[in-house]
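Student: I want to go through this model with the reasons spelled out. Can we start with the structure on screen?
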Amino acid sequence: MCGIVGAIAQRNVAKILLEGLSRLEYRGYDSSGVAINNETGVRAHRAVGKVQALKDKFEAEPLDGKIGIAHTRWATHGKPTEANAHPHFSGPDLALVHNGIIENHDVLRRELKAKGYEFKSETDTEVIVHLVHEALKSEPNFVQAVKNALESLHGAFAIAVTLNDENERLVVARQGSPLVVGVGIEENFVASDQLALLHVTDQFIFLEEGDVAELTRDGVTVWDKDDIIQERPISVFNHNVDATDKGEFRHYMLKEIYEQPTVVAACLEGRLSHERVLTSCFGANSEFLKQVENVHIVACGTSYHAGMVAKYWIEDMANIPCTVEVASEYRYRKVAVPKNTLFLTLSQSGETADTLAALRMAKELNYLTTLAICNVPSSTLVRESGLTLLTKAGAEIGVASTKAFTTQLTALLITSIAIAAEKGELSDAKQAELVQALRSLPAYLDAAIKQDSTIQVVAEQFANKHHALFLGRGPMFPIALEGALKLKEISYIHAEAYPAGELKHGPLALVDEDMPIITMVPHNVMLDKLKSNLQEVAARGGELFVFADKDTDLHSEEGVTFTEVPKVDAILEPIVHTIPLQLLSYHVAVVKGTDVDQPRNLAKSVTVE
Ligand code: M6R
């Protein structure tokens, strides 16, 4: 989604802003722009495509100045053109960048046109800058004029505005889209996320909903939604700064796949004793574990798939009902909440607009408590949830989620065991066995990754494919969904996933020699049934790609490509079987030459509806 960077310093900010935009590239965008404010006025460069195109413009015609704002745009209103790229101007001295959507932009545009404003873009953003301009006619104080203008807006936004006057400052505001202030020495910054500013500071102030802030070189003043000045705490960033470095890897996605044994170990760290899950990992208030009688899981995309796996674990181990729903559906319907229901959200970013809206709605309902399983400690989701279990995957840069997913599954398994144990549904011996299995997980993930070069060869067979079908049974069905999502996201191959038992009820009609079928075969009670499904495919000339352990007795033969996955405890199978599917999608995308880390049309953090 769109990204914002802003800076006010004693030095030229052009390089800081351009580096900030490069660091935001992972979020997904299609154009970019920078406005620099100096004694000659506010001047801008904009470019369609990669940030490099913008850097080339700066190379050809440098813009210098000590105050500036910058933006990567992910098109919503209007195509990715230079005219639609931010910053937008009202007059020569006032420029603004915006992340989010202004829902009443049509009405505002008509009103502003009637007042004589000319629009140069098709964006919803341009109404905001003209509104600020209009407000400045009756309110000379820049901060107050911005506050007055914001009162007319409906929707979600984060903005940064610069005005060329004698009071050098940036004004920023947050309402529904994240914004963080970076605190420096005699310089201050703003951005959509911390990663954009790690080259200049590690000290951050997280703005809250409704905050407006004024940034000067000497300080930051924050007004809350009731217009009262607030001292927001400063947090020090403690992720590994090298998260933005690909190291020896060709893509962030591959680096993040390889990090999984390490980050899953970090996710387990401090959460297990020798034979139990430590309930203290949910904070002081872990009483809910005993009381919970139902679980509602709400999430989007990959996080939703993790929730689907957890349904199997929770119902099986804790013997309580669990529903899983995509946040964009949940938030717009009337939900029945049985007594003592836990509301559980899953999110890598903690900034997904639909998941946040679902949480806010749930907080008005009669839930036992809200628990967020999330990767970003400073995120809105974490700050607004009753309880939190951090996944500790470290910054995930690749748009296609990999390590965030396996750490979510790990955290969900911890949660499922804790609920089952606290409710007396799990014997001590069984809990000890599960804890042992969890402890062995990093080593099994490592073993699964060792199949990388084999999977790279398998991927070549997908180079000319246009469709693929993923099959799974039980908790492997959500893994099949996740495998299909990964493949379509980064290789643009159309992929569908079905529970294998559904094959005969329709999808079998699609099966022919051009349709690769990918299936993860667990070594459990469903093995024989799944083998029958595979026979049905083979009989129709379908090409099978089977991922299974040795004990399944499956092997490569005519029409069947077998890839070995380590044999693991049944409870771990969904997590370990995810690895080959991630690697398969990755290598197919490389073979097809797509932009693996920033696939077309997609954003890392979906901060608008
Ligand atoms: O940050 P979140 O986990 O809330 O994001 C949810 C989805 O947008 C995300 O998982 C998306 O589906 C990924 N691109 C999947 O790879």
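**Reasons behind the labels**

Tutor: Among the elements covering the buried residues of helix 1 are strand 1 (3-8), strand 2 (31-38), helix 2 (51-60), strand 4 (67-73) and strand 10 (188-191). Keep in mind that this is a predicted model.

Student: What makes helix 1 mostly covered?

Tutor: Helix 1 spans residues 14-24, and nine of its 11 residues are buried. Buried means under 20% relative accessible area. The residues that pass are Ala14, Ile16, Leu17, Leu18, Gly20, Leu21, Ser22, Arg23 and Leu24.

Student: How many disulfides does the structure hold?

Tutor: Zero.

Student: How do you know that Cys267 is too far from Cys281 for a bond?

Tutor: A disulfide needs two cysteine sulfur atoms within 2.5 Å. Cys281 holds the closest cysteine sulfur to that of Cys267, and the distance is 9.0 Å. Therefore the pair is too far apart for a bond.

Student: And what rules out a bond for Cys322?

Tutor: The cut-off is again 2.5 Å. The closest cysteine sulfur to that of Cys322 is in Cys300, 16 Å away, so it is too far for a bond.

Student: Are these two cysteines, Cys267 and Cys322, buried or exposed?

Tutor: Buried means under 20%. Cys267 has a relative accessible area of 0%, so it is buried. Cys322 stands at 1%, so it is buried as well.

Student: Why is Ile297 called buried?

Tutor: Its relative accessible area is 1%. The limit is under 20%, so Ile297 qualifies as buried. Ile297 sits in strand 16 (residues 294-299). Leaving aside neighbours within four places in sequence, its contacts include Cys322, Gly307, Ala310 and Ile314. Its C-alpha atom is 8.5 Å from that of Val326, a residue 29 places apart from Ile297 along the chain.

Student: How do you know that the length of helix 9 is close to what is expected?

Tutor: The expected span is 1.5 Å times one less than the number of residues. Helix 9 (residues 301-318) has 18 residues, and the expected value is 26 Å. From first C-alpha to last, helix 9 reaches 25 Å, which is close to that. Its buried residues include Thr302, Ser303, Gly307, Ala310 and Ile314. Asn319 follows helix 9 and has a positive phi, near 60°.

Student: What makes the approach of Ser303 to the ligand a polar contact?

Tutor: The limit is 3.5 Å between N or O atoms. A polar side-chain atom of Ser303 lies 2.6 Å from a ligand oxygen, so the pair falls inside the limit. In the side chain of Ser347, an N or O atom is also 2.6 Å from an oxygen atom of the ligand. Thr302 uses its backbone: an N or O atom there lies 3.1 Å from a ligand oxygen. The ligand exposes 410 Å² taken alone, and the protein buries 91% of that.

Student: Which residues are closest to the ligand?

Tutor: Ser303, Ser347, Gln348, Thr352 and Glu489 are the closest, out of 14 residues that surround the ligand.

Student: Why does Thr380 count as buried?

Tutor: Thr380 has 2% relative accessibility, so it counts as buried. The cut-off is under 20%. Thr380 belongs to helix 12 (residues 380-384).

Student: Which side chains make polar contacts with that of Thr380?

Tutor: One is Arg174, at 3.1 Å. Another is Glu351, at 2.7 Å. Both pairs meet the 3.5 Å limit.

Student: Why is Gly501 called partly exposed?

Tutor: Buried is under 20%, exposed is over 50%, and partly exposed is in between. Gly501 has 29%, so it is partly exposed. Gly501 lies in the loop between strand 22 (494-499) and strand 23 (516-521). Beyond its neighbours within four places in sequence, Gly501 contacts Arg473 and Asn533.

Student: Which labels do Asp227 and Asp553 get: buried, partly exposed or exposed?

Tutor: Asp227 has 40%, so it is partly exposed. Asp553 has 60%, so it is exposed. The line for exposed is over 50%. Asp227 has a positive phi near 65°. Asp553 has a positive phi too, of about 70°, although it is not a glycine.

Student: What makes the peptide bond from His86 to Pro87 cis?

Tutor: Its omega is near 0°. Pro87 is in the loop between strand 4 and strand 5 (88-90).

Technical notes:
Residues are numbered from 1 along each chain as its sequence is written. This is a predicted model: local features need pLDDT of at least 70, side-chain atom pairs count only at pLDDT 80 or more; totals for chains, interfaces and linings use all residues. Side-chain values use heavy atoms; hydrogens and water are left out. Buried means under 20% relative accessible area, exposed over 50%, partly exposed in between (1.4 Å probe, protein chains only). Helices (H or I, at least four residues) and strands (E, at least two) are DSSP runs, numbered from the N terminus. Contact means heavy atoms within 4.5 Å. A polar contact is a pair of N or O atoms within 3.5 Å; within protein, one must be able to donate a hydrogen and the other to accept it, and residues adjacent in sequence count only if both atoms are side-chain atoms. A residue is near a molecule or strand if one of its heavy atoms lies within 4 Å of it. Accessible areas come from the Shrake-Rupley method with a 1.4 Å probe; for residues, only the protein chains shown count as cover.
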